[in-house]
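Here is a short tour of a metal site and of the open space around a protein. Have the viewer ready and follow along.

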Amino acid sequence: MQTIYRSALQGENREFQARNIPLEGRLPTWLSGRLIRNGPGSTRFGQQEVRHWFDGQAMLHQFDIHHGQVDYACRFLESQARQAAESSGQISYPEFATDPCRSLFKKVMTLFGRSSSDNAKVSITQFAGAYMALAETPIQVEFDPETLRSAGVFTYEANPVGQMTTAHPHQDAEHLYNVVTRFNRVSEYRFYRMGLDRQTQMVGAVKTGQPSYMHSFGLSPHYAIITEFPFVVNPLNLLLWLRPFIENYQWKPRRPTVFWLLDRETGTVAGRYESDPFFAFHHVNAFERDGEVVVDLVGYDNASIIQHYYLNRLTDSQVKLPHGTLRRYHVQPGKKRVTWEKLTHDCIELPRTDYDRYNLRGDYRSVYGIGLRGDQPTGFYNQLVKLDTQGGATLTWHTEGCYPGESVFAARPGGTADDDGVLLSVVLDTTAGNSFLLVLDARTLQEVARATLPQAVMFGFHGHFMAGD
Ligand code: CO
């Protein structure tokens, strides 16, 4: 059965600019800055439709919030992938789960042969004065936050062929950190650090025969945490490339999930630890307490969530998405086995925290995300949730016919608690046929204001809020 929100999964957004969009409620006087979001703006490349939620053409959405009003603009990311599709009329670079047609593809590339897609549609990062659109391919696209126009590309290594990276780098005041997987006969997870001078340095690496699919990694005060799920690929299969990228990966339920701890400064492997097999897209936070490394993430019993995100399944109103839950893993030096527990039983995805002030801190409490209502558990994510890592009640926001996206936390200046601020989420309103920027009080999840957009925005992934005038 098709859903009322199908066009937010399969369709196309228009490029737009609108000043002072209609606002209900009153924005906090302190709220000033720019939210930029990333995600698919179209599932068509020329005449060709992509197959998976992670395949569409990157579009950047910008919300300028100042003096109690909101300006909105959106623009497709200027990429070679988009340009090539416009001139050839079809998909020209391999995406996550959709390949170009074989005859064209042979001439163009494989992951090992020529280049990977620069269709960076997953997340946004801002470091050392530069904004980047990121995906899992190693080509990241720098853009101008004012105009949303591309300003060049960045890669961790001079030769990005045969690499993937995570879409979720970590950062602190001096460095940006990421993990690059280099595929080869013996593959490597390479831990990279970038300085404010934008020079990159490989700090350390872990060798692996069958690399795992990794969307993010963990960082604690002393360690990089590389979580190796038993969802792995034989690198030779990527070399032959008989099927789309992610379909080369296999779930191996007899293998453990392995936590590798790398010293953040020296890059040396500080330990290898095993847990029950599980899968995750997103690490949430990590910290060190009483001699152990605590890793919080949104975990699944297996990797079937990736199959559920194919568009033919996701557009079925009866689809039952596997529930990601907030889990806490305890990595204890001297003990090979990692123990874990669920912090709550609520469904959550696209988890966010007060990263700037509470990352690496054991006293953080609030995790914000999208979830599924208990009384409407089928179809796409239909509520926002706020989970408490310290056992407090889960709060939710939902409205009939509305489908919210990731909620980004904006801290109130001078506040200290990790829910002293607001949440910013783009919500699809299927009744009105458009989307709105929802502003919630992060403490109560009560609505503060909403600003209505001139179109229904396709379901996206991640955004970044930068406070400022
Ligand atoms: Co992500």
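## The cobalt site

The four donor atoms around the cobalt ion subtend angles of 92 to 151°, which makes the arrangement irregular: four donors count as tetrahedral if all angles lie between 85 and 135 degrees, and as square planar if opposite donors are over 155 degrees apart and all others between 65 and 115. The protein donors are the NE2 atoms of His168, His215, His282 and His462, 2.0 to 2.1 Å from the ion. Donors here are N, O and S atoms within 2.8 Å of the metal (3.2 Å for Na, K and Ca), and water is not among the atoms, so sites may look incomplete.

Along the sequence, the donor residues follow the spacing H-x46-H-x66-H-x179-H. Both His168 and His462 are buried (under 20% relative accessible area with a 1.4 Å probe, protein chains only).

## About the model

This is a predicted model, where local features need pLDDT of at least 70, side-chain atom pairs count only at pLDDT 80 or more, and totals for chains, interfaces and linings use all residues. Residues are numbered from 1 along each chain as its sequence is written, and side-chain values use heavy atoms, with hydrogens and water left out.

## The largest pocket

The largest pocket holds about 1,000 Å³ of space. A pocket is an open set of points on a 1 Å grid over the protein atoms alone where a 1.4 Å probe fits, with protein on both sides within 12 Å along at least five of seven lines; lining residues have an atom within 4 Å of a point. A volume is the space filled by probe spheres set on the points, which are joined across faces, edges and corners.

Of its 41 lining residues, Arg352, Thr353, Tyr355, Asp356 and His464 are the closest to the centre.

Conventions: Tetrahedral: all angles 85-135°; square planar, octahedral: opposite > 155°, others 65-115°. Buried < 20%, exposed > 50% of the residue type's maximum accessible area, 1.4 Å probe, protein only.
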